[in-house]
Amino acid sequence: MSDTPSKENEPLAGDDELQDRRRFLQGMGKWSGAAIGAAVAGAWFGGAPEARAGAWVNRRVGGGAWINGGGGGGAWVNRRVGGGAWINRR
Amino acid sequence: MTEESGESIAFLPASFAENCSEGPFIVIVREREEFSRWLGDAPPGVEGLEVHGLVGDSEAWGLAAQGRVPLPLDVVLDDPRAEFSALYRLVDVSIARPVRITMPARPGFMKALRLAAALRIPVRLLPGQPDEEALAGLMEAAQFYLHDAMVEAPVEFFHSVLASFRGLGSGTLWTFLEQDPAIFSRRDATGGVLQAPDFVETHLDRLLSNGAECGPCVWRRTCAGYFKWPDPNYDCAGVKQLFAILQSAADEITLDLAGGEIPSPP
């Protein structure tokens, strides 16, 4: 374990790169899907109900963002950027 | 920071929310009638409902599984051990609208956490100042979150801490758990703020000036004195192990990705 509990923000990876990381970790079979989402994208790679505008959006700092404020149905992937804010990647 | 990242949101009792026309805000509902009213007619600016004491009310969830406006719901369990079996009522609701479950890390919470995970519903786990039994539960919950194939939806605070330890954003437990009043402003029945916006900063400053163990703590950046509230003398030995588990997982994932030659943060 390192002594430094936090790193500077990771450069944003492209979708293909994120998916490669995700698939690789999934293939190892030792991490949950949620942990993989957090670790590779600060996100939830999950199925979602129909997207909704005006939802409990990802514009605040930290874990307040449990809902993606926009986008279409299907995968619901958020991305943290500097300052810890979550934004909709799509 | 994104341009929107500093925006705050108010958490308003339903009775006071009736007088509000400007958002963003979350409405706190405790009665089926309130729940029905806000589900059916939420004006712009209402970003969700925080629902207390209704998880056992099947009629309420029948209403929530319908509706034209898919207003998000944060369903709060006060006693996870007694209430966990009622989570099945949320299956249809979670198809119709975003649902999250919030619960304290009280005895029996693992049953609720496992069921929520099986239903793929996100969870916000409020650790408070965990005693020995609750700490053991949190350790188990952290391992469950990290490694169980059933867990696909986020479990806070593990999820955001793991992301931050991987360099994907930053924040503190106060923000991850939506308890920083600078951003999540809880109001009383008259609209008054329950905690000052600078509460976290003031709290941490006081701890440091009083020589609390936070000073040299390597987890201070993430914790920000969270576990020293309300009792500033709480012994953090156990919760430091929780942080260490998440840090080890972040480091191990970095090594896994490096071993697979998958591009990873420097």
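Me: Two residues are in contact if their C-beta atoms, placed from the backbone, lie within 7 Å. What covers the buried residues of α1(A)?

Reply: Among the elements covering them are α2 (33-41) of chain A and α12 of chain B. This is a predicted model, where local features need pLDDT of at least 70, side-chain atom pairs count only at pLDDT 80 or more, and totals for chains, interfaces and linings use all residues. Residues are numbered from 1 along each chain as its sequence is written, with chains lettered from A and ligands numbered from 1 in the order in which they are written.

Me: What makes α1 of chain A a helix?

Reply: Helices are DSSP runs (H or I, at least four residues), while strands are E runs of at least two, numbered from the N terminus. Helix α1 of chain A, residues 15-28, has 14 residues, so that length fits the definition.

Me: Why is B:E178 called buried?

Reply: Buried means 20 or more other C-beta atoms within 10 Å of its own; 12 or fewer is exposed, and in between is partly exposed. B:E178 has 25 C-beta neighbours inside 10 Å, so it counts as buried.

Me: And what makes B:R120 partly exposed?

Reply: B:R120 has 19 other C-beta atoms within 10 Å, so it is partly exposed. B:R120 also has a positive phi of about 60° although it is not a glycine.

Me: How do you know that A:L18, A:R21 and A:L25 are on the same side of α1(A)?

Reply: The arc is that of the directions from the helix axis to the C-beta atoms. These buried residues cover an arc of only 65° around the axis, so they sit on the same side. On the other side, A:D15, A:D16 and A:G27 are exposed.

Key
The expected span of a helix is 1.5 Å times one less than its number of residues.
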